[in-house]
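Visitor: Could we take a close look at just one part of this one? I'd love a slow walk through it.

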Amino acid sequence: MRALITGASSGIGREMAYYLGTLGYDLILVARRKKELEKIKKQIPTNVEIYAYDLQKTENVFQLYQQVKEKKIDFLINNAGFGLFGEFDKTDLERELEMIDLNIKTYHILTKLFLKDFQDRQSGRILNVASASGFLSGPRLSTYYATKNYVAKLSLAIHEELRHQKSKVHISVLCPGPVSTEFNQVAHGIFHIPSISAKKVARYAIDKSLKNKVIIIPSLATKLGLFFNRFISWSLSAKIIYHIQERKNV
């Protein structure tokens, strides 16, 4: 069995690589930081290939696919992504467009290309890493929330298409709350609410995906938060999130 993980140099992606290695998966790890990927490779007992690509650039996404499409990948994990804290009228437009390219376009392209391959052979699974924010609007982190809405809703739509087709291909979407990763550093902000470990999220997500769970939410607190959010207005939800996401520059 072979898995491909994007955003594999840190956080959830790195922990997924470690865990899948213990499960016997050969791995293809993708991220910008080659040195970090090399360190991870040394700690995994199975066969590991590394590709240092900046997936914000669409041409690199297609090039990656061309390089690995003949390797019979069984498990695609779209994990690369980042956020950007700040009021929408004050955040940097170029940085937001890079986020849209990575958080949306890269997921969309790889999901479509590998899904076609998986459908042709009627085997394979996809795990798209979204966020609990994929079911919310997010003032002070608006573009990030919007990108994760795209990933979550796209994944759920694809799931229903596969179910209707009685396909043997499976797709899941991971929707955690705050996780202890490099997210805050990259986004230039700090969540003032408890985070769970990337290791816990990674193991939970892999286990549930392998059991064909569609929506994967690792913590009870996040599950309860999303459940109760259904019973309040969108405007009250946005107000609550605005105040939860108190931030400070780092």
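**Two helices side by side**

Guide: Helix 3 passes helix 4 in a right-handed crossing, meaning the near helix is turned clockwise from the far one by less than a right angle (anticlockwise would be left-handed). Helices here are DSSP runs of H or I with at least four residues, strands are E runs of at least two, and both are numbered from the N terminus. This is a predicted model, where local features need pLDDT of at least 70 and side-chain atom pairs count only at pLDDT 80 or more, while totals for chains, interfaces and linings use all residues. Residues are numbered from 1 along each chain as its sequence is written, and side-chain values use heavy atoms, with hydrogens and water left out.

Back to our pair: helix 3 covers residues 58–68 and helix 4 residues 93–121, and they pack at about 25° with axes 10 Å apart. Those axes are lines fitted to C-alpha atoms over the stretch in contact, with angles from 0 to 180 degrees between N-to-C directions. The two helices are therefore roughly parallel, the word used for angles under 35 degrees.

Who's touching whom (heavy atoms within 4.5 Å)? Helix 3 brings Thr58, Val61, Phe62, Tyr65 and Val68, and helix 4 brings Lys105, Thr106, Ile109, Leu110, Leu113, Phe114 and Asp117. By class that's eight nonpolar, two polar and two charged residues; Ala, Val, Leu, Ile, Met, Phe, Trp, Tyr, Cys and Pro count as nonpolar, Asp, Glu, Lys and Arg as charged, and the others as polar.

Elsewhere, seven strands form an open, parallel sheet in the order 3-2-1-4-5-6-9 (pairing takes at least two DSSP bridges).

Terms used
Angles under 35 degrees count as roughly parallel, over 145 as roughly antiparallel, 65 to 115 as roughly perpendicular and the rest as oblique. Contact means heavy atoms within 4.5 Å.
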